[in-house]
Amino acid sequence: MFSKSVQYYDEIYASIDKDYQAEADKAHQFIQQSKRTEGNSLLDVACGTGFHASLLSKYYQVEGLDLDLQMLKVAKKKHPDIRFHQGDMVDFELKRQFDVVVCLFSSIGYVRTKSRLQKAIKNMARHVLPGGVLLIEPWFTPEQWHPGRASMTQVDKPDLKIVRMSYSRQKGKLSMIEFQYLIGTPKGIEHSAEIHELGLFTHQEYRDAFHAAKLNITHDLEGLDGRGLYIGTNS
């Protein structure tokens with residue numbers, strides 16, 4: 001999915017001042033407000049390079065899970081003390097439950113369809129202990145998505161120059177983002193491209209998926225970074 005950009009993923013988001021620390025601290029606050037279990041085990045689903053997981057390990061016994069093997073390779077190298085699993089959020093099976101399960105940075109959008117959204121949330125809910133919490137940071141709703149926009153991000157370090165341009169499209173209820181990368185290192189300049197497709201789900205579709213998973217749901221409009229947050233409790 002992320003092709004050659006995976007090794008530069010953290011540098012790219014650092015360049016736009018994504019505040020992982022603040023987001024992890026806010027997630028911890030939401031968890032503590034809702035969690036009724038006594039344990040502190042946490043599973044970070046779609047953990048990517050493990051940045052959130054590493055920061056949440058300040059508060060919890062954290063494990064991570066991601067579908068992308070290249071992402072996991074980076075995560076394991078950067079955070080050797082954390083256990084990582086390979087799996088799809090829709091059907092992974094770890095044969096254990098956690099006090100907390102989180103799916104952050106709008107990764108839920110990669111399920112793409114309403115039916116897979118329901119399966120993913122039900123599957124994550126199966127891994128939550130009674131009294132535990134499921135946090136989902138949503139992708140944009142259909143009303144929030146604006147196709148036809150171009151944007152640019154730059155990384156400017158002595159031995160690493162990156163220009164990432166993106167362009168947004170829409171096909172039905174799918175948001176589509178085209179990324180074009182120019183990556184300059186002492187070895188030369190490389191070009192790579194990616195197409196990301198994420199489902200545009202309504203607020204009601206998220207709520208319905210939580211209810212189908214038999215979770216009590218709270219929706220915070222602001223969430224961790226302005227995209228909102230769904231908090232499900234397994235009563």
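This tour proceeds from a sheet, through one pair of its strands and a helix, to a single arginine. The model is predicted.

**The sheet**

Begin by selecting the strands numbered 3, 2, 1, 4, 5, 11 and 10, in that order across the sheet. These 7 strands form an open sheet, and their pairing is mixed. Next, select residues 83–86, which are strand 3, and residues 216–220, which are strand 10. Both stand at the edges, and each has a single partner strand, so one side of each is left without a neighbour in the sheet. From one strand to the next, the twist averages 20 degrees.

**Strands 4 and 5, and the helix on the sheet**

Now select residues 98–103 (strand 4) together with residues 128–136 (strand 5). The two pair in the parallel sense over 5 bridges. Within this pair, Val100 is found opposite Val133 of strand 5. Add residues 114–126, which are helix 5. Helix 5 packs on the sheet and touches strand 1 (41–45), strand 4 and strand 5. The direction of helix 5 makes about 140 degrees with that of strand 5.

**Arg164**

Finally, select Arg164, which lies in strand 7 (residues 160–171). Is Arg164 buried or exposed? Arg164 is buried, yet it has no salt bridge. The nearest side chain of opposite charge is that of Glu194, 6.7 Å away. Display the side chain of Tyr13 as well: the side chain of Arg164 makes a polar contact with it at 3.4 Å. Beyond four places away in sequence, the residues that Arg164 touches include Ile12, Ser151, Met152 and Thr153. Phe179, Gln180 and Tyr181 are also among them.

Technical notes: Residues are numbered from 1 along each chain as its sequence is written. This is a predicted model: local features need pLDDT of at least 70, side-chain atom pairs count only at pLDDT 80 or more; totals for chains, interfaces and linings use all residues. Side-chain values use heavy atoms; hydrogens and water are left out. Two strands pair if DSSP finds at least two bridges between them. Axes are lines fitted to C-alpha atoms, for helices over the stretch in contact, and angles run from 0 to 180 degrees between N-to-C directions. Contact means heavy atoms within 4.5 Å. Buried means under 20% relative accessible area, exposed over 50%, partly exposed in between (1.4 Å probe, protein chains only). Lys and Arg count as positive and Asp and Glu as negative; His and the chain ends are not counted. A salt bridge is a side-chain nitrogen of Lys or Arg within 4 Å of a carboxyl oxygen of Asp or Glu. A polar contact is a pair of N or O atoms within 3.5 Å; within protein, one must be able to donate a hydrogen and the other to accept it, and residues adjacent in sequence count only if both atoms are side-chain atoms.
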